[in-house]
Amino acid sequence: MSTLYLLHKPFRMLSQFTDRGAGEGERRATLADIIKVPGIYPAGRLDYDSEGLLLLSDDGELIHRITHPKHKQPKTYWVQVEGEPDEAALEALRKGVVLNDGPTRPAKVRRLDAPPVGPRTPPVRERRHIPTHWLELTISEGRNRQVRRMTAEVGYPTLRLIRSAIGPWRLDDLAPGEWRQETLHAPAKPQRAGKDGKGGKSKATGGKNLSKQLNKNPDKRDTRAKDRKARTPRGSR
């Protein structure tokens, strides 16, 4: 069994437990400010100025399975853009756009009403007389600042970016700074052969469950911390 932690990373927080650049200026917020579980590491990353779902675990093999390109875990984002994207822009994103590091894979995109999240702290800077709109964008690759570059390429700069899902795992109603944990069932390792040369029996009960977790909805066990104040840094809501 492995434990996976689903965390809502707030805006302007590093997706790591230490600020390696702290000596160059004021210390930035890190994951250590909101989750106190020892021995866990993030599966992937989320930019300092982006918000939303981040997965963590103390199981290195599970982290590898989640992050390895072979498994192609799709990532879904709620994107607030400047302007009102027309159908031509959306179709360009669906077909894939050419960035300075090459063409992107086709993305899934649709217009979205305001998602179920509160205002950001500090708030998004909006220009007068220029409307903003929300999109839901799903990609199957993870280049540096890819979503922001994709929307800029079609003429609509990203103002706010929230990751809402990674594969089957969803942000749901987690507020910034909150987290919950889920238990996954991984296959047991086969036993070594005995002295008589015969291999011992190995039980793989639950082995299929992990594969289902990576492809379908996970079996959730919500254990949200009771004391939100202890887990939520100031200004994260």
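Is R12 buried, exposed or partly exposed? In this predicted model, R12 is partly exposed, with a relative accessible area of 45%, and the views below begin with the whole chain before returning to that residue.

**Overview. The chain combines helices and strands.** Five helices and 11 strands make up the regular elements of the chain, and 43% of its 237 residues count as buried. When contacts between residues at least 6 apart in sequence are taken, 74% of them join residues at least 24 apart. The chain exposes about 13,900 Å², of which carbon and sulfur atoms supply 49%.

**View 1. R12 and D172 are two loop residues with positive phi.** Most residues other than glycine have a negative phi. R12, in the loop between β1 (2–9) and β2 (41–42), has a phi near 55°, and its relative accessible area of 45% makes this residue partly exposed. D172, placed in the loop between β10 (169–170) and β11 (179–184), has a phi near 50°, and with a relative accessible area of 39% D172 is partly exposed.

**View 2. A cis peptide bond joins T121 and P122.** Most peptide bonds are trans. The bond between T121 and P122 is cis, with omega at about -5°, and P122 belongs to the loop that runs between β7 (108–112) and β8 (132–139).

**View 3. T30 is a buried threonine in the loop between β1 and β2.** T30 lies in the loop that links these two strands, and because its relative accessible area is 0%, T30 counts as buried. A polar atom of the T30 side chain lies 3.3 Å from the backbone oxygen of F17, while a polar contact of 3.3 Å joins the side chains of T30 and R27. Leaving aside neighbours within four places in sequence, the residues in contact with T30 are M13, L14, Q16, F17, T18 and D19.

**View 4. The largest nonpolar core is shown around I35 and L137.** This core holds 30 residues, among which I35 and L137 touch the most other members. The elements that give two or more residues to it are β1, β3 (51–57), β4, α2, β8 and α3. A second, separate core has 17 residues, including L4, L55, W78 and L184. Apart from residues up to four places away in sequence, L137 touches K75, T76, Y77, V79, L93, A107, K108, V109 and V147.

**View 5. Helix α3 carries buried residues that other elements cover.** In α3, which spans residues 146–153, the buried residues are Q146, V147, R148, M150 and T151. The cover over the buried residues of this helix includes β4 (75–82), α2 (87–95), β5 (98–99), β8 and β9 (158–166). Just after α3, G155 takes a positive phi of about 100°.

**View 6. Two arginines lie over aromatic faces.** R28 lies over the face of Y48, at 5.7 Å from the ring centre, and R120 lies over the face of F11, where the distance from the ring centre is 3.8 Å. As for contacts between rings themselves, the structure holds one aromatic pair.

Terms used: Residues are numbered from 1 along each chain as its sequence is written. This is a predicted model: local features need pLDDT of at least 70, side-chain atom pairs count only at pLDDT 80 or more; totals for chains, interfaces and linings use all residues. Side-chain values use heavy atoms; hydrogens and water are left out. Helices (H or I, at least four residues) and strands (E, at least two) are DSSP runs, numbered from the N terminus. Buried means under 20% relative accessible area, exposed over 50%, partly exposed in between (1.4 Å probe, protein chains only). Contact means heavy atoms within 4.5 Å. Accessible areas come from the Shrake-Rupley method with a 1.4 Å probe; for residues, only the protein chains shown count as cover. Rings of Phe, Tyr and Trp (its six-membered ring) pair if their centres lie within 6.5 Å; planes under 30 degrees apart count as stacked, over 60 as edge-to-face and the rest as tilted. A charge sits over a ring if NZ of Lys or CZ of Arg is within 6 Å of the ring centre and within 35 degrees of the ring normal. A nonpolar core is a set of buried Ala, Val, Leu, Ile, Met, Phe, Trp, Tyr and Cys residues joined through side-chain atoms within 4.5 Å. A polar contact is a pair of N or O atoms within 3.5 Å; within protein, one must be able to donate a hydrogen and the other to accept it, and residues adjacent in sequence count only if both atoms are side-chain atoms.
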